[in-house]
There are 2 protein chains.
Amino acid sequence: MSNMPGKEFNIADSGATKGTHSPTIAVPDITHHASNTTVDAPLLRNIASPADVKALPANQLMQLCREIRATLLNYGHRHGGHIGSNLGMVEATVALHRVFDSPRDRIVFDVSHQSYVHKMLTGRALAYLEPEHFSEVTGFTNPDESEHDQFVLGHTGTSISLTCGIAKTRNAEVASNGSSAIGNVVAVIGDGSLSSGVAFEGLNNAAEQGGNLIIIFNDNEMSIAGDFGGMYGPLARLRASGGTAQPNIFNAFGLDYRYVEAGNDVDALVAAFEEVRDTDHPVVVHIHTLKGAGYEGETDAISATHQQLQHTTATDEAEGITATANVLHDEPWHSDHCNLSDHNPHEGQCEASHWQNPDASLGKPEDPRKHYGKMAMAALEPRFAAEPGLVVISPATPGSNGITHDFRERAGSHYVDTGITEAHAVAFAAGIARAGGTPVVATTASFFQRAYDQFFQEMSLNRSRVTVLDFLGGLSGSDNTHSGAYDLAMFANIPQVTMLVPTSGRDFLDDLAWATLPADTAGAPVGSVVIRVPGEGVLAAERNPELLPITGTHNADAIRSERTLEGMLAWRVNQSGSQAAILGLGNTYPLAERAAAALAESHGITATVIDPRQCTSLDTDVLESLRERHSLIITLEDGQLEGGWGEKVTAYYANHWQHSNGSNKVDKPHNPRVLNFGATKEFTDRVPLSELNKRYGLTVDAIADAVTRCF
Amino acid sequence: MSNMPGKEFNIADSGATKGTHSPTIAVPDITHHASNTTVDAPLLRNIASPADVKALPANQLMQLCREIRATLLNYGHRHGGHIGSNLGMVEATVALHRVFDSPRDRIVFDVSHQSYVHKMLTGRALAYLEPEHFSEVTGFTNPDESEHDQFVLGHTGTSISLTCGIAKTRNAEVASNGSSAIGNVVAVIGDGSLSSGVAFEGLNNAAEQGGNLIIIFNDNEMSIAGDFGGMYGPLARLRASGGTAQPNIFNAFGLDYRYVEAGNDVDALVAAFEEVRDTDHPVVVHIHTLKGAGYEGETDAISATHQQLQHTTATDEAEGITATANVLHDEPWHSDHCNLSDHNPHEGQCEASHWQNPDASLGKPEDPRKHYGKMAMAALEPRFAAEPGLVVISPATPGSNGITHDFRERAGSHYVDTGITEAHAVAFAAGIARAGGTPVVATTASFFQRAYDQFFQEMSLNRSRVTVLDFLGGLSGSDNTHSGAYDLAMFANIPQVTMLVPTSGRDFLDDLAWATLPADTAGAPVGSVVIRVPGEGVLAAERNPELLPITGTHNADAIRSERTLEGMLAWRVNQSGSQAAILGLGNTYPLAERAAAALAESHGITATVIDPRQCTSLDTDVLESLRERHSLIITLEDGQLEGGWGEKVTAYYANHWQHSNGSNKVDKPHNPRVLNFGATKEFTDRVPLSELNKRYGLTVDAIADAVTRCF
């Protein structure tokens, strides 16, 4: 959708007329720049639960919204987060808690980015009002935090299915007992999230099921790519018609439908929700909201654009809103804190690292995803002119992975944003490969889980020459919904996949060059190649060669001379030693060098140090060569041990036991022991990487200790 | 969709008027009952490639269709297969090859069940005409078989995405070079397949992309559940209006649209396809076909129903066609050969075992899926009255998994068919669990790959009390798109999942009872439980106790006395011995007993024999107890070793090495060796199970040999 050159406009081109604020948007009366000021929010501070929202006089709702908006802006400015989508949902969330009776009525926020206001109204306002409490709530809904939260959600599109399940159980209880503890069931889903397949599956099942189910479709137009295609053109015409135009995609799924143009007018929303409360059948309430509504400075333009909606064409409308979006994105906490980034219109999915690290855009060095992502794009770009079939595909997550707006503009049709559609993206890539093109699919490890079946079927089974750039693979301080600790167990156990795990920018580019060799080039891969984009461990070592005490800066000679399958799969022995061999996969490779250096210093042991460079096959030549002089093999990986890589090394020696002299006596030097270091099978939530490394023994001390115990 | 009691009609109720054949359907002039007769098909026999279809005089096309239909019927009767969907696509496929120029024009058949006619017209007619050649082609498209086949496909819904990729590359080549070797790009997708999320993702991306792309929507109405919900009601109205009614779901995705009511009239189809050939933008051609068209005996009713379409209400229409479908399903090779089985309206996904074994419905004993599936349903059914929230969910695959039509009728709202929507099904189940209900989701292991992300996020991370019945897990003679060899690597490496692997019907029921214990029951699981439904190895042993020489028939005392998490996770030591311990997981457990018996007889070794009963955690008490008297541990599993179970046992001993006397000397009896038996990481295609077992050493001889080499 962002692959459309010429479709973006600055505010001057948008046709937006500077005018007065829309009377319906509760514009805050303080500025968020006053970052040292505590927000004055007397109404909000007195909201301990939704009952307090219900108890307010109706004429104070707008003031409450104003306070919430001010609180969000202050919070966003100081802490970061998905402020834009929450700003747009202020009035709707107040109206939800005014009309519905949570937790008896169940509200499920899709992907739960837009749940900050909900949290404020359900006893957690202080966590947004007072800096010392900012870290007390997570960025997602969480049942452990509140009885008003239904699920921990960080991936898009499942809210309709989840609410179908809740409603199904309520229906069954009512049918059986005449009553249920569950009242209305409400899904809140944004237009960006609606591009994911599971959301359509949910829509198609909702009407089928019947019974009370309310789907609030929060349409902030951030998914508009233009008026020409996909569902967003018809959606724009639907809005322009005040909800009357056909085709209406919700009707097409058999669903009842209401439209609320004034999606930031709390009174209009209260009225609309009251109408559907206790409905006896599924109904979609399409509310037209303004992402970032109330953002100081751009408010005039926003309001103007908003007001124009009813009398502009869909085209103008799209342009006007895109302009507003661009302006909003100039503010750092509107853009990259959700990794959906600069100018990317989808707000549905967020990646975790920034959520963890809201200061990243405020002067910290570039993170590994952006760093290596930009590097990869810079390597591919010069090839575009000669290789028409070379295409970078990003399912709605370019910016955080270094696929910058400028790159996308220059790439033109060599870049495709498929929306939040990992399954489509991978099948699409398989199609490109089948036609002789060279697809590169890039997103975050945990989002790739959505394409698992396409990796198996369309990609691997068909030996499609697809290159996968796996970002945020391995351990990180991410939240539990975005952890990359499981990427290797996912990719590397699929037959016919080659997964490369480069340990430097140089290797990364070399891997990318090989994976994307034009078809029929000598030595080109015969099937798909997954490249795990290096993470913090590798980037830190590249920035500080002292972290690589053995190899220092990477040696040009160490780079593969030949790009052949055999060459790419060969493990690299960077130091030959004896007694112990340390195999450091990917991000743990610098640790392998440091541990070896420590062993040399403290124990006089010169360990062999190996960079396996890939994790889908064992280099049995290297493994066999280690038998002679090594009694201990140590594998390091920064992901889950179960289903991971090190256990394959362990199993190799166990299943290729060498008997000396034909007897069954154990001949120790020929059958080295293997120790595996890596992550426990568990979910972790915003645990700093350094703490995870300690927990899993991925430290120099832990490795040295283990070696010491063995000798 | 099948969860609607009272919505099915026999032919007498359908209102279908017996009448003459529709003049547009090429009814075969021979009967398929003449199963010893070679089909007389002079035109078809002379079709060596699509060029021969183009060379035929127009007035011979209908005769060609007649011959193809006769050939399909004869083939289906003798060999089995997806005959119904192919019968409906005879004319459309002839028209496709009449109008388009494959392989320059690329045709992708979704899930590729309906590609038999395509195969006949692309040089492979003999494989359908002559019994001795029947096994020469696979049931799916396959580029290794023909340049006219684009992909190996056995899962639904990806054809639109795949063709988007092919078209994208063509577009790029044309833009760059002014030409491309690729012409028109055509996706052929059925109405059943359209319920899967990835198909919607594809639709939403097709218009966005632009350029030539033709989507043939083969609407045989087999997904109709009624006129009230989901997309099928609006689709029925769309058909009834001759393609003019709104909402039109394809328009809602921004796509151009054509309607062909006479979807079994080859001339009408040729004309329609000629109109869209070389289109410069994506267009959907919605063709209304009759699944099973020409099936002898029911043809009258079929034709009558078909003719009625333009002047009946959507309701009548749905009923009429459902009636026809039911009649068709009475013929064994119309029903269960595609595991979508009796009365299930979806034809999109097929499971492999029956395709392998077309005689299954002709008198062979019930396969394990039906056997254990029925057993599970029989155990759940009596609970329905008291447990309103107990729900069985099948994403479009009930019949082949023993969830019979009769059961579904009786289950009423306790059974939900979600369509071909695994992702929705699992999120839906998580919603049910959140509301306090007890969901049981049942389908085939390879289809569950589509819900991998929902297993991670909505199910496991949220500790949703979902029970997953994993059918066809482990090794089987399935084709490569439906193999269950990877299920354990998928499920068992997800944190917080408990995966049970029962080794008898009794254990299976016990596992199911525990997994579905009502919430808040003492000992109930705190999160999700995956139960791998026993396969052939277990069923054979249950039928023949001699295959269990140690335990014989299962001993009542061996069944868990307490249903607690600890109790469920405890491994069961069925024979205590020394020297060697054999751990047989799931379907390999009977092999473990037989190997132990052979060792006793031939080597005088009494091996310890263990049934681990689950594969998500190690019973360290048992593992530690083995150190004392065992120097060899053998793990058996009937799935992929990499990422599998046995390697976790190996890694356990490697990482819990016992040093004797505080030194680092290896003290062999305390550190047993582990040998892992299981499958190589590879795709296998219709290799008989016995051959796979031999290949992977899962035989008594191979195990005995390995043990002998160790002592």
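Modeller: A polar contact is a pair of N or O atoms within 3.5 Å; within protein, one must be able to donate a hydrogen and the other to accept it, and residues adjacent in sequence count only if both atoms are side-chain atoms. This is a predicted model, where local features need pLDDT of at least 70, side-chain atom pairs count only at pLDDT 80 or more, and totals for chains, interfaces and linings use all residues. Residues are numbered from 1 along each chain as its sequence is written, chains are lettered from A and ligands numbered from 1 in the order in which they are written, and side-chain values use heavy atoms, with hydrogens and water left out.

Colleague: Which backbone oxygen lies 2.7 Å from a polar atom of the Lys54(A) side chain?

Modeller: That of His97(A). The two residues are 43 apart in sequence, yet 7.2 Å apart in space, C-alpha to C-alpha. Lys54(A) sits in helix H2 (residues 50-55) of chain A. Helices (H or I, at least four residues) and strands (E, at least two) are DSSP runs, numbered from the N terminus.

Colleague: What else is Lys54(A) in contact with, leaving aside its neighbours within four places in sequence?

Modeller: Contact means heavy atoms within 4.5 Å. Besides His97(A), the list holds Arg98(A), Phe100(A) and Asp101(A).

Colleague: Is Lys54(A) buried or exposed?

Modeller: Buried means under 20% relative accessible area, exposed over 50%, partly exposed in between (1.4 Å probe, protein chains only). Lys54(A) is partly exposed, at 29%. For the whole of chain A, buried residues make up 69% of 711. Chain A has 30 helices and 16 strands.

Colleague: How do I read a backbone outlier?

Modeller: Most residues other than glycine have a negative phi, and most peptide bonds are trans. Look for exceptions. Leu472(A) has a positive phi of about 60 degrees. Its place is the loop between strand E9 (467-471) and helix H22 (487-491) of chain A. Leu472(A) is buried, with a relative accessible area of 12%. Val111(B) also has a positive phi, about 55 degrees. Val111(B) is buried, at 3%, in the loop between E1 and helix H6 (116-124) of chain B.

Colleague: Where is Pro103(B) found, and what kind of peptide bond joins Ser102(B) to it?

Modeller: The bond is cis, with omega about 5 degrees. Pro103(B) is in the loop between helix H5 (90-99) and strand E1 (106-109) of chain B. A cis bond also joins Gln246(B) and Pro247(B), with omega about 0 degrees. Pro247(B) lies in the loop between helix H10 (232-240) and helix H11 (249-252).

Colleague: How are the two chains related?

Modeller: Two copies of a chain are related by a rotation about an axis and a shift along it. Here a rotation of 180 degrees with 0.0 Å of shift superposes chain B on chain A (RMSD 0.0 Å). That is the relation of a two-fold axis. Superposition is by least squares on the C-alpha atoms of residues with pLDDT of at least 70 in both. The same surface serves both copies, as 99% of the contact residues of chain B recur in chain A.

Colleague: How many residues are in contact across the interface?

Modeller: 116 residues of chain B are in contact with 117 of chain A. The rule finds four salt bridges (a side-chain nitrogen of Lys or Arg within 4 Å of a carboxyl oxygen of Asp or Glu). Glu642(B) and Lys648(A) form a salt bridge, 3.6 Å from N to O. Between the chains, 46 residue pairs are in polar contact, both at pLDDT 80 or more.
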